[in-house]
Amino acid sequence: MLAGTAPGLFRNHLHNQLSRALRDLAEATSDRARLEEAIIEARAAVDGDPADDPWRYVYLNNLAQALGDRFDRTSKLNHLAESEQAYREALKVAPEEDLHGLATIRSGLATILTHRYDRTGDRRDLLYAIELCRPTAAMGEPRSLHELASLLSTWFDLDADPAVLREAIAAAERAVQTTDQPGLQVMALTTLGELRTKAAINLEQPDALARAEAELAEAVRRTPRDSTQYASRLTTLTNTRHELFRRSGDRGLLDEVTAWFTEVLDRTPPGDVNLPGRRVNLALALLDQFRYFGVTSALDTASGHLHRALGSVPPHDPFRPILLSILGSVYLDTANGLAGDEERACLDMAIATLREALSVASDRFSSRGLLVNNLAAALRSHPEQSVQAEAERCCRAWLATAGRADAGYDLVRSTLVASLLDRLRAEPDRASLDEAERLARGLATAHVRDHRVPVMNRLALVRLLKIRAEHFDVSAARTEAVVLLRSVLDAPMTPDERIRAHAMLGELLADDDRHGSCQAYCTAVELLVRMVPRTRRHTDREHGLSRFFALASDAAAAALSAGQPHLAVELLERGRGILLGSADTGDLDRLNAAHPHLARRFGDLDARIAGLRTSTDSPVTHTELLLRRRLEAEESEVLADIRARPGFERFQAGPSCAELLARLPGPAVVVNASRYRADALVLADGKLSVVPLPRLRHDHLMDQATRFLQHRDRFILGHELAKIDEATVDLRVRSLHNTLSWLWESVADPVLAALGPRRRVWWCPTGLVTVLPIHAAGRYRKTTGDELAETVLDQVVPSYVPTLRTLLTPEAEPANRRMLAVGIGETPGEAFLRAATGEARTAAAVLESSTLVLDAEATRARLLAELPHHTWFHFAGHGAQDTYRIEGAHLLSHDYADTGGLTFTDLRAARTDRAQLAYLSACRSSSGRLTLPDEAVHVAGAMLAAGFDRVVAANWKVNDDVARTVAEHFYRFLGDPSPTAERSAEALHSAVQHTRKALAADLTGADRDLAVLLWGAFVHFGR
C-alpha cells in the first residue's frame, strides 16, 4: 500500500503506522534490525510532513520513542540526544487540548532526561523531568502520574526526604487506580511495588514489604512470559524477595531468589543493555549465599559474573564504578577467609579494584561518596600503617569538595572518625582527638540516612572519651563514656559491636564499680559464646574469636576483683576452648525430652539468628540489625524460661565450679593472666583457692613470651650452634634461663607452695601463658658436671588441659585396645626422619592388636579410614603449625604435597566415640596459634576434641633421635607390667626425666645449657 501511495498526509500516516508496527515487532523479538527499520519509517513520516499537519506531534513522538528504544539497546549518548531533540520538537507543536498526547510526550522526554542524569549525574535534568510531569499529573493523567512516581523515586535516592517517597507512592497508587490501559496498569503496579520496598527499607514500614511483594507478584502474573518486559518485572519482584530474605534469614527464600535471578539471566539475550545489571543481581544473591551460609563456591561464581559484566560494559559507562566496587567487596570477603601471604595478596587486589572504581567514576557520579567510603574501609583493614593512613587522606580529600546532600557524606565522615581513632590509639594527640570527638558527637546525634551511623559513632565517641580520660587525665570523660555506652547497649548493632560494647563497659567500670564491671564482662563472654558457633565458616569463627583476645581472662579478673572466684572459673570455662566444642551438647537432648515445646522454640530462634550475618566486615542493613535485636531479646526470654525449670539451671552455660570441684580427677591449676591482675585458681580436694601472682605482670608476660618464642623458633645445637660467636651464644643461654627462672618465680613456685606435696597436677594456662613451658620452669643457671636445675618436673607429674571440662568427659572403655602406629621417614619435599619408622614399630609392638602403616602407605585417605577403628594412635613423622589459621595445624601424610595432609578439621572429625591415647611424635603438634591462644587450635587439641582421653605431643621442633629415645622409654614404662593408657602421664614424665639426665651427661657447654629445648618439647594433655 505504501509503495502505491502518493506523497502527502496519508502516505506520512502510513509511514508512521508501519514504524509503530515495526517497533512493536522489535520489542517482541529483540530484533535490532526491525528497530532500525522502524526509525527509518518514523523519519520518513516526519520528513514528509508539512509543518502545519495537525498530526506532526504524533509522528515526532513516535520517532522520539523509537530513538529512545535504540538508546536503551546501545547506551550511546548521541542516540539519547536524538531522542531528546525529537521529543522537544513534538512538545512545541502538540495541542494543549490533547491531554493524553501531552502527557505521553512529557513522560517520554522526562524518561530521556532521567537516562542522561543516570550517566552524567546532573541533577538539573532530573528536576526538569519532574517539573515536566507535574502539570499533567495534577490533572490526573495516569501516564504522567506513573512517570512522576518513577522520577520522585529517583530523587528520593538522592536526598532521602520521606515526603518525596510518600508523594511518589501516592502518585503510583493513583496511576494504578485511574488508568484503563492494562499495560500501563502493570507498569504502575511494578513502580508501586518498588516504591513500597523502598519505604520498607528506608522508612521502617515492615508491612510495606508484604504489600510490595503482592503487587509485584501480580504485575509478573499479568505479564506474558514471552514478553520482553517479563524478565524486567521478575527482576523487580526478586529484588523485593531478596530484601525479605535479609529480614528473615530463610535459606529456602535465598535459594529461590538465586534461582529466579538465574532465570532472569537466562532470559536475557547477549548484548542486552540490562545484562550487566542482571549479572550483578545474581552476584549479590551469591554473595549472600557465602556471607550467610558459608557457601564458598558462591564467591567464585559471583566473581565470574562480575568479571563478565565488566567485560560487557564500556570503559566510561557510569555503571562500571558500581561493578568494580562490588567486585572489590568480593575480594575483601575472600581475603577474610584466607591467611598470611594469600590474605595480603587478596586484600591488595581488593584495594586496587576499589581504587579503579573511584578512578573511573566521574566527579559528578552520584554515589562517589560510597565508593570513597568503600575504599577507605578497605585501606583501614590493611596491616601496614602507611596504607591505613591513606584512608584518612582519602576521606578528607572527598569531604573537602562534597556537600551534606551527597550520597555517602555521613558514612565517609564516620569512616574518617574511625581512621582518626586508629591513629589515636597508637599516638594520642589532643588536636586530632578534639577533631575526632567533634565529628563523632555530630554524627552520634544527627538524623542521618544510614541508620548505622549514629550507633557506630556513639561507640566511637566512647572510645575517644576513654582515650581522653586515660591519656589526658580528664575524669569527666570517663563518666560521660559510661553514660553514653549504657545508652547504646540495646541499640541495633552487629554481634561484634555488642560484645565490644559490653567489654568496653566492663573496662570503664573496673576501678569504680567492680560488680558492674563483672556483670558487663559476663554479658560480653555470653554473647561471644553464643555468636561463634552460629558463624558457619571456620575462618569467620577464628576471625571473630581473635578480635576478642583475652576477653575471658579479663572477665575472670573482673570476677575475682568483685570477690567471685567461683564465677571466675566458670567464665574461663565458658569463654575458652569454644572452637573445640562445649560440654553443652547434651543439653538440647535433655530439654527436648523434658520440655519439647521449649526445645523447638529455642532451636527455631537459634537457627534464625544463625542465618543472620555476624561480621562487621560484611555490612548489614539497619533492618537486619533490628531483626537480630528482636530475635535476641526473644531468645533471652526463652533462655530465662528454660533456666527457671528444675534441672536446667545451667542450660547451655557449661559446668559450674561446684561440679568441677566434685568431678576433677585431681588437683588442677588455672593460671589466669589479665591486664588487670594475675592469679592461679587452684581446684584441689573439693576446694577452690586463689593464689595471687603479682610477678606475672601483663607487660612482663608479653616480654617473656616473646623472648621464649624467639628461642623456641631459633633452636639449634651442635655444629650449627658452634658457628655462632661465643658472646651471642652466652646471651641466648642467659636469656632462655632468665625466662624459665622468671616463670618459676612468677607462676610455678607460688602455686606448688600453695598446693603442698602432690604427685599429679593438671595445668590449665590462659592467654599468652599457653606459649610458656610451665613444666620446664625452674631455678636455672649455668651448670657443670651432673648438677641439674630444679624444675617443676622434679616436684610433680604435670599434664596440660585446654579447659577443665576436658577432664569431665566419660573415659574410654579400656577393653577395646587397638594401636594404629604410623611412621613416615620419607615425606616428599621434607627432611628425612631416620628414626620415624623404627619408632612406629616400637609403638606397634606395645599392643597385641596393632596396625602398622609406614611411609608410602601412610596416605591421607588411609589414615583417616583407619583412625575410627583404633583407640591408640602413634604418629612419627612431620607436623606443622601455621600461626595464621586452624587448617595450618596438620600432620604430614606421605601424600601431603597433593592432599594437604591431616588437618585440624580432619582429625577433630575422625572419631565418633571415645579413644584412649594419641602419641604425636611430630614437630609443633601442640604449639597452637598466637592469635587464638585459648582455643588449642593445634593437632593435640584436635585429638582431644576427637575423643582421645590422653595425648602426648611436641610443643615445638623436636630432634629425631631424642624423639625416638623418649618414645621408646615411654612405651617401656607403659608396658610394665601390662600396657595401660592410664599411666601415660607417668610414662612421659619418666621418659622426659630419663632423657633430661642422659642429655646432661652427654652434652657439654652451651649445648648442655640449652638442652631444655630438647627434652622440654614433650608434653602430656588430658587425663
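**Walking through a predicted model**

Me: Over which residues does pLDDT stay under 50?
Reply: This is a predicted model, so confidence is a fair place to start. The stretch in question still has 13 contacts beyond four places in sequence in the model. Its pLDDT stays under 50 over residues 615-619.

Me: And which helix or strand has the highest confidence?
Reply: Across the protein, pLDDT averages 84, and 89% of the residues score at least 70. Confidence is lowest in helix 33 (residues 718-722), where the mean is 58. The other end of the scale, at 96, belongs to strand 1 (residues 668-673).

Me: What share of the contacts between residues at least 6 apart joins residues at least 24 apart?
Reply: For the overall picture, the protein has 43 helices and 16 strands, and 57% of its 1023 residues count as buried. Among contacts between residues at least 6 apart in sequence, the share joining residues at least 24 apart is 69%.

Me: Which helix gives the most residues to the largest nonpolar core?
Reply: In soluble globular proteins, nonpolar side chains tend to be buried together. Here the largest such core has 150 residues, with Trp 763 and Phe 873 touching the most other members. The helix that gives the most to this core, eleven residues, is helix 34 (residues 726-755).

Me: Which residues of that helix does Trp 763 touch?
Reply: Leaving aside neighbours within four places in sequence, Trp 763 has contacts that include Val 669, Val 671, Ile 774 and Val 792. Pro 798, Ser 799, Tyr 800 and Val 801 are on its contact list too. Helix 34 spans residues 726-755, and the contacts of Trp 763 with numbers in that span are Val 747, Ala 748, Val 751 and Leu 752.

Me: How many residues make up the second core?
Reply: This core is separate from the largest one. Among its members are Ala 357, Leu 379, Val 462 and Leu 484. Its residue count is 83.

Me: How many of the residues lining the largest cavity are charged?
Reply: There are eight cavities of 30 Å³ or more, and the largest holds about 300 Å³ of space. Its lining has 23 residues, with Thr 770, Ser 926, Pro 933, His 938 and Phe 1021 nearest the centre. The lining divides into 13 nonpolar residues, six polar ones and, for the charged class, four.

Me: Is Arg 413 buried or exposed?
Reply: Arg 413 sits in helix 19 (residues 409-426). Beyond four places in sequence, it is in contact with Leu 399, Arg 404, Leu 439 and Leu 443. Its relative accessible area is 14%, and the cut-off for burial is under 20%, so Arg 413 counts as buried.

Me: What about Tyr 128: which residues does it touch?
Reply: Tyr 128 belongs to helix 6 (residues 123-138) and is partly exposed at 35% relative accessibility. Its C-alpha atom is 7.7 Å from that of Ala 110, 18 residues away along the chain. Not counting residues up to four places away in sequence, Tyr 128 touches Arg 88 and Leu 113.

Me: Arg 924 has a positive phi; what is its value?
Reply: Most residues other than glycine have a negative phi. Arg 924 lies in the loop between strand 14 (915-921) and helix 39 (939-946), and is partly exposed at 30% relative accessibility. Though not a glycine, Arg 924 has a phi of about 55°.

Me: And what is the relative accessible area of Ala 936?
Reply: Ala 936 is found in the loop between strand 14 and helix 39. It has a positive phi of about 50° without being a glycine. Ala 936 is buried, with a relative accessible area of 8%.

Conventions. Residues numbered from 1 in each chain as written. Predicted model: local features only at pLDDT ≥ 70, side-chain atom pairs only at ≥ 80, totals over all residues. Heavy atoms only, no water. pLDDT = per-residue confidence, 0-100. Helix = DSSP H or I, 4+ residues; strand = E, 2+ residues; numbered from the N terminus. Contact = heavy atoms within 4.5 Å. Core = buried A, V, L, I, M, F, W, Y, C linked by side-chain atoms within 4.5 Å. Buried < 20%, exposed > 50% of the residue type's maximum accessible area, 1.4 Å probe, protein only. 1 Å grid on protein atoms, 1.4 Å probe; cavity = no way out; pocket = protein on both sides within 12 Å on 5 of 7 lines; lining within 4 Å. Points joined across faces, edges and corners; volume = space filled by probe spheres on them. Nonpolar A, V, L, I, M, F, W, Y, C, P; charged D, E, K, R; others polar.
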